[in-house]
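Q: Please take a close look at one part of this structure: its aromatic rings and the packing around them. Short sentences are fine, but please keep the steps connected.

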Amino acid sequence: MQLTRYLDFLRKAHDNMLPLNESQRSAVEYDFHTPLWIIAGPGTGKTHTLIWLVMKRMLVDEIPPDRIILTTFTNKAAAELESRLTLACHALVSVGCEEAAEINPSQLRMGTLHGLCSRLLQDARYEPTLRIRLLEDELTQQFFLRKTHNPLIECDDPAFWEFFGVKAGYGSGPAQFAPNRARRAEGAAKLFNRLTENGIPAERLQQADQTYMQQLGNGYQSYQEHLHELHRTDQAHLQRHFLSYLDSPEGRAWVGQGLTTVVDEYQDTNPIQEEIYFALIGHHGDLTVVGDDDQSLYRFRGASVESLIEFDAACDYYLHRKPTPIYLAENRRSHPAIVAWVNRFIQQHPDMVSDSVRVRAPGKPELTSGSSIAGEYPAVMAIVDKQNTAAANKMRDLIDALMVNGYVTNYAQIALLTFSTRETTRSIQAYVKALRDAGVPVVNPRNHRAHEDPRIKEMLGALSSLLDPQFGEIQRERLPRSVITYIEECREAYQSLIATEAYAELAAYVTSSAQAVANSKLREEDKPTWLVRHGGREVRLSGLFFKLLAHQPFALAITDPETGERLKALDTILTDYESIYDDGRLRLAENPEEPGKVRIAPDVLYSLYAVFFEGISGGLNDPEDEEVSVQPGAINVMTIHQAKGLEFEVVFVLRPDKYPFLGDTHLHEDLLDPYIERPLKLLRREGALRAREDAIRLFFVAYSRAKRLLVLTGTDVAKWDLVLGRAEGGSPINSVEALKGLGVLCL
Amino acid sequence: MTGIKLDLPGWSIPKTASEARVRKYSTTGDILAFKRCRRQYGYFSVRGFVSATNTQQYFGILVHDVLDRINRDYHLGSPLPDEAGIEALIEAAHERLVLAGIRPYNATTQRAQATKLISRFVQMVGPHFFPHVQETEYRLERPLCTPQGRDYLLTGVVDVLSGAVSHALRLAFSTMPDDVEIWDYKSGRKPEQGSHELLDYEYQMRVYCELYRQQSGEYPARAMLVFVGELGDDTAWQRANLRADEFPKLFFPVHPTPRHITGAMNDFHATVEAIESERAKPYPQQWGAPPPSADVDQSTCEACELRYNCDYFVTKDRRRALRELAQPL
């Protein structure tokens, strides 16, 4: 199909108006003689452009769908792209484009890069990854490190952990104690992931002069050996496997001259992903990257914003060609005053300028305002008070006024965005409480509070009572105090529940099961004896969970929207735990306190408490609907990270005095940098400045989510300095007067 | 509330936005699973509870993995394996499954049975079958629309896309040398004629035929259900004397007749609508137990971790359900 014909159909499908502005059209019409580098500011129609660009690649450039790779950052975004491509296809067919009926966008290789790697390796039956078991997330990875007794988990040298920024607790000064095992596992998993993503081999660290680096190398080697031995992989290693596949004869044959590759959210790409993309495009070099460096949020997960900022250098290195930059700058989302606010914030921020390295993509223009939203009202407001409770009450009143006056028609049009959504006094407790007390519906799934739900505690208490009726000293002595306290609370919750006698069947089941454990027979042979039920079937932890769930009050609780979802979250974590710990089977041992009787082996109980219960007690989030970005009918409280890609009529940015600071992420980048054998050096500023960049990008995302009204809300405006930027002329904004000077209405 | 007087001149009232969504449905993971039991499907596939019962998958995956491996090796130039070779392949596949957490109940017996079935398959069918295999794990995916106007994506994975295997095997129906066939292995025996299970398999194959047509332009000659479990019948094995066309119930062809395909597609569309209407219900009312009149297979209930708090299961045999629930562990 000719390009003009394609554009004609596009017009027909949109009331005879081409639904693309000039720069969007340039992107769609691009001829791909060199890679395309789309830098798209917030609200500039990035996904819209991507859809019509991909349709053009199939219809005009006649690239078979299965030779197109289209990746994005989350499963949710991938599902949305797939949906929109299907609808785009329908739209063209409906205006007589017969060619669109012939193509099948669902045959595109589309998804997150992790998901695609997994699927493509499976399709290729790549021997090293056949039926390989994935450690799906960081928690499972931590379970694995603990189960395999990684040397780092055994390392109780406080100086080692301090060197890598893993702290035993809050506070400054030299560490006196090593962090507990849970924190060590968290720190080790993070470090190992960075090593894998940056392609740093264990041997390189083992040969380092620095003792701690050698120790890290030993730990990493042990981790990799265990992954291999147990046929496991993590997300980063899965991508390494994929790179190896691409380098195999089968992989090279599949790539051929190269695949057409389109990468969304490129600002959150990490080094291994960059390698994969350049391997996929082969010599052909048909690569489109789309992103916004100002919205890069995932450094803490290994993302390197430099991949986008220095994309021209990467193209030069891999392809000996320069990419063509196209800037999408027309913001159609927000009120002009909000666009002006975000422009001023990012353009004039002294921390986003450097003479030595690129902090932002080169040549980036200001956003222009193209929204139909207008009005003389002040679209940027601030609520500042001395106390959070007072500020929270004002926020509640403003929300009430917005609803009462019909400015918004649904609570879901309002979002509260913040760095941390924990409902503590250090964070946003006062704000959520003010709304809940006023009967305003609020959802805050990432509040780390689900583990305090009484039914969750009762369930865990029942499980503990069944497997470990005594919860004796032998279990307690090695457990952290906080975990012991949580277990005790759970057991007490269960005892209180059955004391009501309303749940006699549950109590009888737990008691008889505990007796069945005690009366089990140990096998004579030198093999572990697993707990079995009548008939010889092995008992699994999750089997016990479901049996408990069949009893009241849990049977009813799973039909409750809140508790039901929390019980589901518990089941998911239990399954993750099982996948690492003997598939949930329970090993038995003699009970020295009761001769002739049997109990669950102490080390099995220890792991259950120290790993599974500890994982829950540290804070359990409510599960989130994988399909729905915004919960209907309620004010959505979200981390700013969660809000990426979304938009709301009204955005309250809570607690601007709280933002990310210099942490282990930046430290790891600096410590590992000398060991990276990368053709292109990542050009970065010092850690403290990178931490400031991160905070600025985070708040840039927060501000740019607002369509009609942006309200900064909190206390202590002097501490908002970093996330407010500078006024015209470079003066700081650290007072209510300074805010007013910018035209902000202060309530 | 203290109240704030708000005057926002020029503010336009926003409309409530709705997210456009085209859901993806898997033929087996969604449509057939919902038809088997809406409650089990809802809790485990939609809400995300994870079942601890995966021993029932073991045998099917083992048979599937080994047949897939034999095919790959054959196309890389290896001869078809003898019984010892098959045993080694089964051992390797078993080790992988155990590491993957798919543990068998009574593994030794299951491995021996798998060796027997696959050896017989390779001996009797292999020389005609493997040379014709064109693709394995062939993905089908098409955007569809229900009569009510709901867009959805239907996906399926065909075990094998082959050339004219039926022709090579001289099976007793009209075949041509340039046929394209869909082959789907089932590790068990052929279900009773007229059973829900067999009917669902037929629907699945017909829908695959239609998806294949939409994807490639033409219907396959047929879809062939291969009930590998039938090969365990020693008497039938002796009688057939290596003639596949003489082996009863091993093959079940599904022919892509337009009328039947329309029926199957309509059934799938209706299932999609039924799933969507369940999703639209308030949380406490979603994914309720099937009505007592429903014909849920016993093995489906046995494998369900939530059977004891399911009215369907409890009503069917209340005494047994209560007894099992009260049993320790």
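A: A charge sits over a ring if NZ of Lys or CZ of Arg is within 6 Å of the ring centre and within 35 degrees of the ring normal. Keep in mind that this model is predicted.

Start with Arg478(A). Its charged end sits over the ring of Tyr606(A), at 4.0 Å from the ring centre. A second arginine does something similar: Arg344(A) lies over the face of Trp341(A), 4.4 Å from the centre of that ring.

Now turn to rings that meet other rings. Over all chains, the structure holds 49 aromatic pairs. One of them joins Tyr30(A) and Phe32(A), an edge-to-face pair with 4.9 Å centre to centre and 75° between the planes. Tyr30(A) and Phe32(A) are both buried. Another edge-to-face pair is Tyr609(A) with Phe613(A), at 5.3 Å centre to centre and 75° between the planes. Why are these two separated by about one helical turn? Because Tyr609(A) and Phe613(A) are four residues apart in helix H28 (residues 602-617) of chain A. In an α-helix there are 3.6 residues a turn, so residues three or four places apart point the same way. Both Tyr609(A) and Phe613(A) are buried.

Next, the nonpolar packing. The largest nonpolar core has 131 residues, and Leu216(A), Leu467(A), Leu549(A) and Phe612(A) have the most contacts inside it. H28(A) gives the largest share of this core, with 10 residues. Leu549(A) is worth a closer look. Leaving aside neighbours within four places in sequence, Leu549(A) is in contact with residues of chain A, including Met459(A), Phe554(A) and Leu567(A). Its partners also include Phe49(B), Leu306(B) and Asn309(B). Apart from the largest core lies another, of 82 residues, with Met381(A), Val432(A), Phe648(A) and Val711(A) among them. Nonpolar side chains in soluble globular proteins tend to be buried together.

Rings can also gather in groups. One aromatic cluster is formed by Trp37(A), Tyr266(A), Tyr277(A), Phe278(A), Phe311(A), Tyr317(A) and Tyr318(A). Tyr277(A) and Phe278(A) also appear among the buried residues of helix H15(A), along with Pro271(A), Ile272(A), Gln273(A), Glu274(A), Ile276(A) and Leu280(A). How enclosed is H15(A)? Eight of its 10 residues are buried, so H15(A) is largely enclosed by the rest of the structure. Just after H15(A) comes Gly282(A), with a positive phi of about 55°.

What does H15(A) connect to? Helix H15 (residues 271-280) of chain A belongs to a right-handed β-α-β unit with strands E6(A) and E7(A). Look at strand E6 (residues 260-263) of chain A. Both of its faces are covered. Thr260(A) and Val262(A) are buried on one side, and Thr261(A) and Val263(A) are buried on the other. E6(A) pairs with strand E2 (residues 68-72) of chain A in the parallel sense, over four bridges. In that pairing, Ile69(A) stands opposite Thr261(A). E6(A) also runs parallel to strand E7 (residues 287-291) of chain A, joined by three bridges. There, Thr261(A) stands opposite Leu287(A).

Methods:
Residues are numbered from 1 along each chain as its sequence is written. Chains are lettered from A and ligands numbered from 1 in the order in which they are written. This is a predicted model: local features need pLDDT of at least 70, side-chain atom pairs count only at pLDDT 80 or more; totals for chains, interfaces and linings use all residues. Side-chain values use heavy atoms; hydrogens and water are left out. Rings of Phe, Tyr and Trp (its six-membered ring) pair if their centres lie within 6.5 Å; planes under 30 degrees apart count as stacked, over 60 as edge-to-face and the rest as tilted. Buried means under 20% relative accessible area, exposed over 50%, partly exposed in between (1.4 Å probe, protein chains only). A nonpolar core is a set of buried Ala, Val, Leu, Ile, Met, Phe, Trp, Tyr and Cys residues joined through side-chain atoms within 4.5 Å. Contact means heavy atoms within 4.5 Å. Two strands pair if DSSP finds at least two bridges between them. A crossover is right-handed if, with the strands pointing away from the viewer, the path from the first strand over the helix to the second runs clockwise.
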